[in-house]
Amino acid sequence: MGSRVLLHEYLTSSALRQPEKVAVIQGKRRIAYGDLLGRTETFAGLLRNAGFPRGGRVAIVLENSPEYVVACLGALMAGGVAVPLGQQITERRFATILTDCRPAVLIAPRLLVESFAGIPVVRDVSLVIPAERLNEGNPAPAGNPSIAGRSGDDLALLLYTSGTTGEPKGVMLTHRNLTANAESIVEYLGLSEADKVMVVLPFHYSYGNSLLTTHLMVGGTLVLENRFVFPNLVLEKIREERVTGFAGVPSTFAILLNRSSLRKNSFPSLRYVTQAGGAMSPRLARDLREALPGTDVYIMYGQTEAAARLTYLDPSELIRKAGSIGKAIPGVRITLRRKDGAIASSGEVGEIVAEGENVMAGYWNNPDATKAVLEEGRLHTGDLARADEEGFLYIVGRRSEMIKTGGHRVSPKEIEEVISGMPGVHETAVIGVPDEMLGQAIRAFVVREPGGAVSMKDVLKHCSENLEPFLVPHEVVFPDELPKSPAGKVDRAGLKCSAR
């Protein structure tokens, strides 16, 4: 299957091959491929009949569910672009993203639709659809309606990620980007229609989206579980459904190892687990392998700008190459570049630069940010790494100040702006500090105004009310002043040294 296909054609081909095969399981719901295709075609027809324009954006504010799959693939089938957003999104971030991408359609649960009614930019959306309508559809596929002139270079997804400026940036991923990456992942994981993946990662996150694309491609089964707050329920479902694959970020596995019955049980069906979304400590990787002796453990690395994946470490090298992110996935070329642009020699630190069909088309409405990371099709990741004599890569730091916590990329500036808006706050700075569970924890330094009485409880409450949960600091420190450079800028390196 070539990477020139359109992403939703994975669903069509899998449904035509095996219409009765279960595609999605959630709780007691079991949706077959034929049924899923019928619902998706019906939704695509609804959009077209409503005058939906080719290339129009469809904002999807849904948890992982069969309805999410229908909304996302139906948008693509109708010739549009899916803009996945999580249901925990704040009104502030939601309004910023909608103002940026100007969707023609908004899909959300009925209660959320009602709560969005007061947001001015929502009134500009042509069609607002309650998610409950996505259960409608034909019980069997009726053939895939095509739109003339479409190609793999058409935009498929806009995935919003935080930028160094604090404002979310829309990563433009084409059908070719997504299908090329899916094919590569399928190849190195050896996925087939016999595979069932336990999905606890949200589909609006690039790692979660890759689980959707790869399993639709091979005709596998997605087992959706949005209750990872109860990890033992997830483990029971893995055994009950004979799940073959599981994906998580470092904190996912830290929770399973330390706050669940993982070590006390065996999982004979579990063929592999994958980890990405931040650095996993060698100790955590070793503990995971010991807890799952018959399961392959894949350490992976990537970025949203690369449609998810750039490198992986073969499970056979997990101990010998502890701490490595492995080598490039099939179809991707990785080089390490010095500041002068020359390729770094073995053992020398350089920026990870990636080339391949999976590299994004750019950032939506942001040519300056695009130019800063894309050069002649090469993606400058901002991550610094070294390669050993065998070519295995080891990340040593980040060129930017972004924080990777629990699989999320977090902009310090976004949090700083919210805290700085509090009465009694003179100035603030936010950094990431090493954390076994999260990869990095968010630490906020807050300097009070003279006579100010701002407390840690005040800061956390204010952040909880104005930021998404993963952006709320894990700890707050109140120094008398922040270290500054000669130019008067906050010295983040000095903050990190004081945090050790």
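**Close-up 1. Ala307 and Ala308 in the loop between strand 13 and strand 14 of this predicted model.** Ala308 lies in the loop between strand 13 and strand 14, and Ala307 is placed in the loop between strand 13 (296-301) and strand 14 (311-313), where helices (H or I, at least four residues) and strands (E, at least two) are DSSP runs numbered from the N terminus. Phi of Ala308 is near 120°, a positive value in a residue other than glycine, and phi of Ala307, also positive, is near 65°. Ala308 counts as buried at 2% relative accessibility, and Ala307 is buried with a relative accessible area of 5%, buried meaning under 20% relative accessible area (1.4 Å probe, protein chains only).

Residues are numbered from 1 along each chain as its sequence is written. In this predicted model local features need pLDDT of at least 70, side-chain atom pairs count only at pLDDT 80 or more, and totals for chains, interfaces and linings use all residues, while side-chain values use heavy atoms and leave out hydrogens and water.

**Close-up 2. Helix 7 (residues 206-218) and the glycine that follows.** Because 13 of the 13 residues of helix 7 are buried, this helix is largely enclosed by the rest of the structure. Helix 7 is followed by Gly219, whose phi is positive, near 80°.

**Close-up 3. The contact of helix 1 with helix 7.** Tyr10, Leu11, Ser14 and Arg17 in helix 1 meet Thr213, Leu216, Met217 and Val218 in helix 7, contact meaning heavy atoms within 4.5 Å.

Note on methods:
The expected span of a helix is 1.5 Å times one less than its number of residues. Buried means under 20% relative accessible area, exposed over 50%, partly exposed in between (1.4 Å probe, protein chains only).
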